[in-house]
Amino acid sequence: MKINRRDFLSLTTCCCGGFLLSSCATAPITGRQQLTLLPESMINSQAIGAYKQVKEKAKLITDKDQLDPIVNVGQKLERAIRHYFKSHNLKDPTQNYDWEYILINDPKTLNAWCMPGGKIAVYSGILEVTKDENGLAAVMGHEIAHAVAKHSLERASAALAINIGSMAADIALGGAISRTRNTVGQTTGMDIVQLGIFNPFSRHQESEADYLGIIFANLAGYDPAGAVQLWERMQEKMKGKEPPQFLSTHPSSGTRINDLRLWIPKVKIEYPKIQNL
């Protein structure tokens with residue numbers, strides 16, 4: 001039996017649409033609908049392996065005076081998150097986390113991350129920007145928020161869905177999508193799928209992590225204004241080095257500062273400090 005392109009596209013759209021609708025989850029607190037096509041256990045297993053490799057290869061700082069402040073802030077955030085979900089009779093996304101913290105000796109890297117499952121790394125370079133516990137809580141709250149909101153799982157699922165969907169559409173359209181993508185890439189050096197889909201999607205996740213991060217920090221008793229001060233320092237440090245926002249996977253420092261200032265008054269009211277953590 002032969003099938004024409006229009007019928008093929010309609011059939012593929014219906015099948016994919018039904019599959020996607022049955023694979024939706026909801027981000028904690030924000031309530032945003034998410035696509036989760038892959039098993040979380042697979043992502044967590046990969047994260048554990050990757051974290052182990054980092055610990056084996058990176059130069060770690062184990063000095064208690066330097067590592068303890070990171071562990072202390074992290075554990076306070078852990079308790080705040082756990083208490084919030086329990087007190088609101090909500091499923092705790094971190095209930096099966098095996099939390100772990102490392103400090104990597106890398107003064108040039110202004111970064112930190114939290115893998116699925118609560119595996120956290122802080123680079124020594126970012127400590128020059130965090131300055132104090134409020135700044136550190138802003139960074140760690142943001143990174144933990146990525147894990148709590150299952151952003152890694154969502155990104156992997158989105159990439160899978162886009163690849164399958166664009167492949168099906170490209171077949172139905174006789175390769176028009178591939179030709180356009182190649183032409184734009186050759187003439188501009190830019191990938192229209194990256195710029196038009198993946199970058200905005202990633203920026204949205206980063207903004208969500210900023211929002212959740214100051215919620216977690218405030219619940220734990222840290223001043224969420226520390227996030228604004230952090231990004232003001234980062235903006236000054238990166239002056240002239242930040243790419244245009246549309247080319248980046250992250251919002252610009254200015255956008256983040258404006259958003260945080262807008263969110264903080266609401267966060268302080270709706271997510272007050274938890275006593276006796």
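This passage describes the fold, the three-stranded sheet and the helix packing of a predicted model.

The protein contains ten helices and five strands. Of its 277 residues, 41% count as buried. The accessible surface comes to about 15000 Å². Carbon and sulfur atoms hold 55% of that surface. Among contacts with a separation of 6 or more, 71% are between residues 24 or more positions apart.

Three of the strands form an open sheet with the order β3-β5-β4 and mixed pairing. Strands β3 (100-104) and β4 (112-115) are the edges, and each pairs on one side only. Neighbouring strands of the sheet are turned by 15° against each other on average, direction ignored. In general, strands of a sheet pair through backbone hydrogen bonds, either parallel or antiparallel. Both arrangements are found here. Strands β3 and β5 run parallel and are joined by five bridges. Strands β4 and β5 (residues 119-123) run antiparallel, with four bridges between them.

Individual bridge partners fix the register. On the parallel side, I102 has A121 of β5 as its bridge partner. On the antiparallel side, W113 stands opposite A121. C114 stands opposite I120. A121 is thus named in both pairings, with I102 and with W113. The hairpin of β4 and β5 has three residues between the strands. Within this hairpin, G117 takes a positive phi near 95°.

Strand β5 is largely enclosed by the rest of the structure, because five of its five residues are buried. In a regular strand the side chains alternate between the two faces of the sheet. Both faces of β5 are covered. K119, A121 and Y123 are buried on one side. I120 and V122 are buried on the other.

Y123 belongs to strand β5. Its relative accessibility is 15%, so Y123 counts as buried; the cut-off is under 20%. Leaving out residues up to four places away in sequence, Y123 touches L103, I104, D106, T109, N111, A112 and W113. One of these residues, A112, is eleven residues from Y123 along the chain. The C-alpha atoms of Y123 and A112 are separated by 5.8 Å.

Two helices lie across the sheet. Helix α2 (residues 40-57) lies across β3, β4 and β5 and runs at about 35° to β3. Helix α5 (residues 133-148) also lies across β3, β4 and β5. The angle of α5 to β4 is about 30°.

Helix α5 further packs against another helix. Two packed helices are described by the angle between their axes and the distance between the axes. The axes of α5 and helix α9 (residues 225-237) come within 8 Å. These axes cross at roughly 90°. Helices α5 and α9 are therefore roughly perpendicular to each other. On the α5 side, the contact is made by N134, G135, A138 and V139. On the α9 side, G226, A227 and L230 take part. The residues of this contact divide into four nonpolar, three polar and no charged.

L136 is also found in helix α5. At 6% relative accessibility, L136 counts as buried. Beyond residues up to four places away in sequence, L136 touches P69, I70, V73, L127 and T130. L136 and P69 are 67 residues apart in sequence. Their C-alpha atoms are 8.9 Å apart in space.

A further buried residue, H151, lies in helix α6 (residues 151-172). H151 counts as buried because its relative accessibility is 0%. With neighbours within four places in sequence left aside, H151 is in contact with R32, Q34, H146, Q205, E208 and A209.

Technical notes:
Residues numbered from 1 in each chain as written. Predicted model: local features only at pLDDT ≥ 70, side-chain atom pairs only at ≥ 80, totals over all residues. Heavy atoms only, no water. Pairing = 2+ DSSP bridges. Axes fitted to C-alpha atoms, helices over the stretch in contact; angles between N-to-C directions. Contact = heavy atoms within 4.5 Å. Buried < 20%, exposed > 50% of the residue type's maximum accessible area, 1.4 Å probe, protein only. Areas by Shrake-Rupley, 256 points an atom, 1.4 Å probe, with all protein chains shown as cover. Parallel < 35°, antiparallel > 145°, perpendicular 65-115°, else oblique. Nonpolar A, V, L, I, M, F, W, Y, C, P; charged D, E, K, R; others polar.
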